[in-house]
Amino acid sequence: MQLTVWTYEAPPHVGAMRIATGMKGLHYVLHAPQGDTYADLLFTMIERRSARPPVTYTTFQARDLGGDTAVMFKTAVQDAYERFKPQAMIVGASCTAELIQDDPGGLAKALDLPIPVVPLELPSYSKKENWGAAETFFQIVRALAGPYAPPPGTVRPARPEGVRPSCNLLGPTALGFRHRDDIVEITRLLDRMGIDVKVVAPMGSSPSDIARLGEADFNVVLYPEVAHSAAAWLQRTFRQPFTRTVPIGVGATRDFIAEVAEMAGVDATAILEAPNSRLPWYSASVDSTYLTGKRVFIFGDATHAIAAARVASEEMGFTVVGLGTYGREFARDVREAAKLYGVEALITDDYLEVEAKVAELQPELVLGTQMERHIAKRLGIACAVISAPVHVQDFPARYSPVMGFEGANVLFDTWVHPLVMGLEEHLLAMFRDDFEFQDAAGPSHLGHGAAPTAAKAAPIAVTVPEQVPAATAKAVDTRPTASATPPQPEGTTWTPEAEKELQKIPFFVRGKARRNTERFAAEHGVALITVETLYDAKAHFGR
């Protein structure tokens, strides 16, 4: 476990909370200290849910550790059952409670409740949130659907004539990135193909729904981080195949349709031939040709990062210069995907490493999580969020999926809008000398007198901090940050002519031009940056 200011994933018990919160008729009793109740805010504040999660905390305090915390847990389980009357219950411990080793599963079993009680063993100090969600869903599926499994070796009977094929949608959870709308979009797509959706799980399902997962002909895995292990168990136990293609982007959605059509035995020709998305034409339109070659850095959970890289490269003409994930369980998949774009995958859960890589690559667009939004904002780089963890603005009131054909339209709008398009850049260059179109000009609607006084460009001195004494060097945190820049010669300055020339560069890339020029000067030992240095740097980084 690492002490950090910000983390991509919470402990695994939060993953279990995501499963429980998404379901109906399931209650989670969590052996946890009083401070761990913060997790409720993730769902009520960030996801804007109208009800708090179905979680009961034991909320023991320091003074309780001298007594019998096991009795406290058993009392909490009994009270939760009598108050909420759930169809099933899951029990476990938070990272703090794990240290006192009270065995929540054994204690709950001793109560002999008249409902299924699923014990969770979630190692908080070696695993994280997505693993916790996957393990929780797997244990729930195995406990509730297992009693209805056919004997080993049983051949799955053929679907009766005249009955539409059916499937389950697996993976959507509470606090997931656009899961609510992805369910609607993929359900509509499957209905167009003549396929019924029996159960969506875990989100929206009840324990009784989980028990009948084996009735469907196959399973659609929308989010492998959560559903892969459960889908693999259902395949072994009920002989249900499951999909491998995640339908994000036009190309992947078409591949998904073909894969599902083969599993279900339906003809999808009409859907594949229909004009389903505006993304292909919009990407090929006149103004969008300016997108070609835009350098993009992608980071998030493996499912969304891999899918985003394909859309960016194949469907929008971007150049992928970086690809990574914080989820080590799917690191191999991301590494394989990164090879397709000639880049080395970044596998880390340290946001400072991601920060340093973005600062090094200087992409024109960052596609990432809420943390990458902050990083890009500090560096002055356009950004769009593609993956959890996310903040409140990524749970929009409007319909906004990222899967299916409508999801492809959403991706185009979301990714393109932060960028400056070709016509816009042309107009910016055309009017850059206009008296109202200067960095120093105030808002025109406030009147000409409102413009702030523009300071004359002056040589900018850049100095290097003094060397850290050897005796204290070990105490200094040397990890890179977003503000870290290449070392520069002492006394490096810009000439007035170079500053004036720099002002001719459009404002939205001016900061990048300055940084690249100063970096070029530092690497070549240039103390005085002139106009020639500026253009030498441009030629150097333009290769």
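The following paragraphs lead from the whole chain to a parallel sheet, a pair of helices and one loop residue.

The structure is a predicted model. Its protein chain contains 20 helices and 14 strands. Of the 543 residues, 51% count as buried. The accessible surface amounts to about 26200 Å², and carbon and sulfur atoms contribute 55% of that area. Among the contacts in the protein chain with a separation of 6 or more, 72% join residues 24 or more positions apart.

One element to examine is an open sheet of five strands, arranged in the order β10-β9-β8-β11-β12 with parallel pairing. Strands β10 (346-347) and β12 (382-385) occupy the edges; each has a single partner strand, so one side of each is left without a neighbour in the sheet. At the β12 edge, the partner is β11 (residues 365-368), and the two strands pair in the parallel sense over four bridges. Within this pairing, leucine 365 stands opposite alanine 382 in β12.

Two helices pack on this sheet. Helix α13 (residues 331-340) touches β9 (319-325) and β10, and its direction makes about 170° with that of β9. Helix α14 (residues 351-361) touches β8 (295-300), β9, β10 and β11; the angle between its direction and that of β8 is about 175°.

Attention now turns to a contact between helices. Two packed helices are described by the angle between their axes and the distance between the axes. For helix α9 (residues 250-264) and helix α16 (residues 404-416), the axes come within 9 Å and cross at roughly 170°. Angles over 145 degrees count as roughly antiparallel, and α9 and α16 are therefore roughly antiparallel to each other. On the α9 side, the contact is made by Val250, Thr253, Arg254 and Ile257, which meet Gly404, Phe405 and Ala408 in α16. The residues of this contact between α9 and α16 comprise four nonpolar, two polar and one charged.

The last site is a loop position. Glutamate 215 lies in the loop between α7 (207-211) and β7 (218-221). Is this residue buried, exposed or partly exposed? With a relative accessible area of 47%, glutamate 215 is partly exposed, because the partly exposed class lies between the buried limit of 20% and the exposed limit of 50%. Apart from its neighbours within four places in sequence, glutamate 215 is in contact with Arg156, Ser166, Lys198 and Gln240. In addition, its C-alpha atom is separated by 8.5 Å from that of cysteine 167, a residue 48 residues apart from glutamate 215 along the chain.

Technical notes: Residues are numbered from 1 along each chain as its sequence is written. This is a predicted model: local features need pLDDT of at least 70, side-chain atom pairs count only at pLDDT 80 or more; totals for chains, interfaces and linings use all residues. Side-chain values use heavy atoms; hydrogens and water are left out. Two strands pair if DSSP finds at least two bridges between them. Contact means heavy atoms within 4.5 Å. Axes are lines fitted to C-alpha atoms, for helices over the stretch in contact, and angles run from 0 to 180 degrees between N-to-C directions. Angles under 35 degrees count as roughly parallel, over 145 as roughly antiparallel, 65 to 115 as roughly perpendicular and the rest as oblique. Ala, Val, Leu, Ile, Met, Phe, Trp, Tyr, Cys and Pro count as nonpolar, Asp, Glu, Lys and Arg as charged, and the others, Gly among them, as polar. Buried means under 20% relative accessible area, exposed over 50%, partly exposed in between (1.4 Å probe, protein chains only). Accessible areas come from the Shrake-Rupley method with a 1.4 Å probe; for residues, only the protein chains shown count as cover.
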